[in-house]
Amino acid sequence: MSKGAHALESVELLVCGAGPAGVAAALAAAARGARVVLIDAQAQAGGGVWRHDLRFGVPRTAQRRLAALRRSARIQCLFEAQVVAGGGGELLVETPDDAARVRYDKLVIATGARELLLPFPGWTLPGVTGAGGLQALVKQGWPIKGARVVVAGSGPLLLASAAVLRKHGAIVLGVHEQATRQRVAKFAAALARWPAHALHAAALRMRLAGVTYRCGEFVVRAEGDDRLRAVVMQTPQGTHRIDCDYLAIGYGLVPNVELAQLLGCRMQNDGRHASIATDERLATSVEHVYAAGEVRGIGGARSAAIEGEIAGLAAVGAHNAATALRGRQRQARRFAALLTEHFALNPDIYDLAQADTVICRCEDVPLGALAGYTDARSAKLATRCGMGACQGRICGAVLAELQRFPQPPAATPLFPARLSTLEAFR
Amino acid sequence: MSRVVLYIDERAISVPRGATVAAAVATATSRFRVSSGGAPRAAVCGMGVCFECRVRIDAALHQRACMVRARDGMRVTTAAGSAAHE
Amino acid sequence: MKTFDLIVVGLGIVGAACADVAAAAGLKVAAIEAGAIGGGATAAAMGHLVALDEDPAELALAAYSQRLWQEFADLPLAQYNRCGTLWVARTAQEQAAIEPKLARLHAAGVPAQSVDSSDLYRLEPGLAPDLAGGLLVPEDAVVYPPTIARELVARACRRRATLHLGRRVQALDDGCVLLDDGTHLHGPTLIATGCALPDLLPALPLRPRKGHLVVTSPYPGALRHQVLELGYADSAHGTTESSVAFNVQPRPGGQLLIGSSREFGSDSSEVSMSMVGRMLARAFEFLPALPQLQALRIWTGFRPCSVDGRPYLGPIPGRRDLWVAAGHEGLGITTALASAHLLIDQLLHRSPAIDPRPFWPARAWR
């Protein structure tokens, strides 16, 4: 694809997102002879879970496929490419110095998920990051050696994050899971049915030997001055303060459905956050558009990879091969259901934010300012909540999780984009 | 592993090649930007959705430091280095 | 039996101002809104308080209203910023057309001065080179309409106005209004429903005129005034199906609000990237730094357009106690306060501050 200004390219299969789902889709389609363009806003493939670590490379599970991606003559990768608009069979893509309109015959949306960050007093202090967030930062060079880190929130991601942090020399003071000990034990027992998952979890636990892993605990407050100095942890025995440099805290994942919404794909709203509705071939309600992985609902890397393969095959018309994978896909998705069941959030966590706790981080809008508004739009117009740089991604997910307001609909531009880029999308 | 040298608020900072601007900023300071209410802020999500890690890179404002690879000679300005906040 | 001195239907900025002025005059007011207060054109608007000089009646209304807007200059929620308007002339010909505009503005009591090209760049260093000059109207200002509309209604309610939120008017009879929940309200009624006017008063021609706006990330200091091309008035007063004109405003935090576009014949609020592209291309011609700036959000709004561009303000012919305040095109925010005073003065048989006759709905009533 040329990098000429605003060239209108035409692509057989366009895959948006180069995580496990997108990579699998691209490889599957290429293996069937299709010419594929794979785009991602990051500097290289891997997405979240297969993110390249500057010191340690990519996870072993990712190496084979990422190597195949690099070798493939039929897959052209466009990195540092952010999709900012779409419609009518094309996507508007912005790169650091340029923009392009990319027309496609088929599209696979594999845009993954972002971390659910929930508010509590002090959550905006420098040093408070997502659990996946700090892992991502550290893999890309963030200095963490010798820093004291508290890992908290919910889900197996906490253990993965803690392991990476330790590998990079962080002092992980503890991993604090909000789910109860009984729930976590049930989850671990259920994992025995998925040998690969069980091994993965066990390996993590081993690597964390010596690090406290506590259940039924959650952070109620972060304290500090110009940065984080300590957190206050709620435990079954009461609260206590832990001095630390970082709090890596995440409460699960939220699908990145904005592009799909903009294109008019039907959503399913069976949880507090929308995911993309698809048929058994992973086709969305919009002709020629498919969806795979976390965007269909949080399920982990394994189901993402299988679904990417299904979507890639279906997109190029290899329906029998796609169908043949359905059994494996269903099995992988059962793991997803396990996650939701065992790591549901303690409702006390939803009550941590006080009237003066910031909800909209971009515009500094506290929870109290939203009182008295019965619809999201009025609240937004009056308080500026959701009008900032993140375009309502963070505060929108908070308010949807708290069931206060529904997440606002996606709009053009999907991300802040240069005016010259938008002018080109006539 | 080779390294790059860039400037965070005019301070020379060295990071491994391939590291993000966020990594370089974090080496120099805990404060990336200042909120509209004047509070210090830093990177949170590490993946370009929270926009808390915004800094000025060379002539461009509002760059997500976690999404940009550090390159030799880049001049990065955080809240501390700019006259008006962001 | 619910009887009122005035029933106001529609609480955009115009209706809200009417409810406020009526309540302040001691009237017992019922205020009705089917959606959200200030949720229509008011929410989409630029909030520019601008003196347009082409139509003398409009200019008189605007000048009167701008004096009334001073009251909000120190109210934080109004975000009143007297940044002034800088009209830009591209050619010597456009520059020459400024003299008569100056005369009209001065006659209306609006301070204005001609600006030569060197002054132009002193006032706005970011402008494209080789512009001929312009016209500065230093007392034009910018406000934030949604919070003002809410405050005007709140003020009326503090003076015992009753609010019927989420209620739609189903029928208008002589001196009586029927709401969709079966409530009957009695009293003189004022319709201020903007683009929805034809639902209740189909005999008054009104067309929605779609506009687009783009807001950028903050760039403090990039622009000091609201800057428009002199051709803007042609776009606003013209009747072509679609047109764009350069119009950019600095917001309090440094964001730039970029307009303007006008389109008849579309009732979809969906953003048209084609119109946005045209609008941006026009803006790039005047502000060369724009292409590299970051856009954050794009939205649309509908200006309510009357038969001749002037609002309908006054009594409905042949109906006892039925009034209208709607059809303000792109001057709804600017002229909301004067519209309200003009209406309430006529309702109370008081002498209005300006001649109300150019706005009477009888001129267009079918």
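Is A:Arg384 buried, exposed or partly exposed? A:Arg384 counts as partly exposed, at 23% relative accessibility. The close-ups below come from a predicted model.

**Figure 1. A:Arg384 pairs with A:Glu363 in a salt bridge.** The closest N and O atoms of the two residues are 2.8 Å apart. A:Glu363 lies in the loop between S20 and strand S21 (365–366) of chain A, and A:Arg384 in the loop between helix H11 (376–383) and helix H12 (393–401), so the pair ties together parts that are 21 residues apart in sequence. The backbone of A:Arg384 deserves a look too. Its phi is near 75 degrees, a positive value in a residue other than glycine. Most residues other than glycine have a negative phi.

**Figure 2. A:Leu282 also has a positive phi.** The value is near 65 degrees, and the residue is not a glycine. A:Leu282 sits in the loop between strand S18 (275–276) and S19 of chain A. Its relative accessible area is 1%, so A:Leu282 is buried.

**Figure 3. A:Trp142 and B:Phe32 form a stacked ring pair.** The structure has 6 aromatic pairs over all chains. In this one, the ring centres are 5.7 Å apart and the planes lie at 0 degrees, so the pair is stacked. A:Trp142 is in the loop between helix H3 (131–139) and strand S9 (148–153) of chain A, while B:Phe32 is in the loop between helix H1 (21–28) and strand S3 (33–34) of chain B, so the pair joins two chains. A:Trp142 is buried, at 6% relative accessible area. B:Phe32 is buried as well, at 1% relative accessibility. Ring pairs link A:Trp142, A:Tyr246 and B:Phe32 into a cluster.

**Figure 4. A:Phe187 and A:Phe343 meet edge-to-face.** Their ring centres are 4.8 Å apart. Their planes are at 75 degrees, so the pair counts as edge-to-face. The two rings link distant parts of the chain, 156 residues apart. A:Phe187 belongs to helix H5 (residues 181–191) of chain A. A:Phe343 lies in the loop between helix H10 (326–342) and strand S20 (358–360) of chain A. Both A:Phe187 and A:Phe343 are buried.

**Figure 5. Two arginines of chain A sit over aromatic rings.** A:Arg393 lies over the face of A:Phe415, at 4.0 Å from the ring centre. The charged end of A:Arg404 is placed over the ring of A:Phe405, 4.4 Å from its centre.

**Figure 6. Chain B meets chain A.** The contact involves 37 residues of chain B and 38 residues of chain A. About 2,800 Å² of area is buried between the two chains, and carbon and sulfur atoms give 58% of this area. B:Arg41, B:Val44 and B:Val49 supply 20% of the area that chain B buries against chain A, more than any other three residues. The interface also holds 3 salt bridges. A:Glu80 forms a salt bridge with B:Arg71, with the closest N and O atoms 3.8 Å apart. There are 9 residue pairs in polar contact across this interface. H1 and strand S4 (40–41) of chain B are the elements that give two or more residues to the side of chain B that touches chain A. H1(B) gives the largest share, 4 residues.

**Figure 7. Buried salt bridges occur in chain A and in chain C.** Side chains of opposite charge can pair when their charged atoms come close. The structure holds 41 salt bridges over all chains. A:Glu307 and A:Arg296 form a salt bridge, with the closest N and O atoms 2.7 Å apart. A:Glu307 is in helix H8 (residues 301–315), and A:Arg296 is in the loop between strand S19 (289–291) and H8, 11 residues apart. In chain C, C:Arg282 and C:Glu229 meet at 2.7 Å, N to O. C:Arg282 lies in helix H10 (residues 273–286) and C:Glu229 in strand S15 (residues 226–229), so the pair ties together parts that are 53 residues apart in sequence. Both C:Arg282 and C:Glu229 are buried. Elsewhere, salt bridges with shared partners join A:Arg361, A:Asp364, B:Arg33, B:Arg41 and B:Glu52 into one network.

**Figure 8. Cis peptide bonds appear in chains A and C.** Most peptide bonds are trans. A cis bond joins A:Thr412 and A:Pro413, with omega about 0 degrees. A:Pro413 lies in the loop between H12 and strand S22 (417–418) of chain A. The bond from C:Gly259 to C:Ser260 is also cis, with omega near 0 degrees. C:Ser260 is part of strand S17 (residues 255–263) of chain C.

Terms used:
Residues are numbered from 1 along each chain as its sequence is written. Chains are lettered from A and ligands numbered from 1 in the order in which they are written. This is a predicted model: local features need pLDDT of at least 70, side-chain atom pairs count only at pLDDT 80 or more; totals for chains, interfaces and linings use all residues. Side-chain values use heavy atoms; hydrogens and water are left out. Rings of Phe, Tyr and Trp (its six-membered ring) pair if their centres lie within 6.5 Å; planes under 30 degrees apart count as stacked, over 60 as edge-to-face and the rest as tilted. Buried means under 20% relative accessible area, exposed over 50%, partly exposed in between (1.4 Å probe, protein chains only). A charge sits over a ring if NZ of Lys or CZ of Arg is within 6 Å of the ring centre and within 35 degrees of the ring normal. Contact means heavy atoms within 4.5 Å. Buried area is the accessible area (1.4 Å probe) that two parts lose on being put together, summed over both. A salt bridge is a side-chain nitrogen of Lys or Arg within 4 Å of a carboxyl oxygen of Asp or Glu. A polar contact is a pair of N or O atoms within 3.5 Å; within protein, one must be able to donate a hydrogen and the other to accept it, and residues adjacent in sequence count only if both atoms are side-chain atoms.
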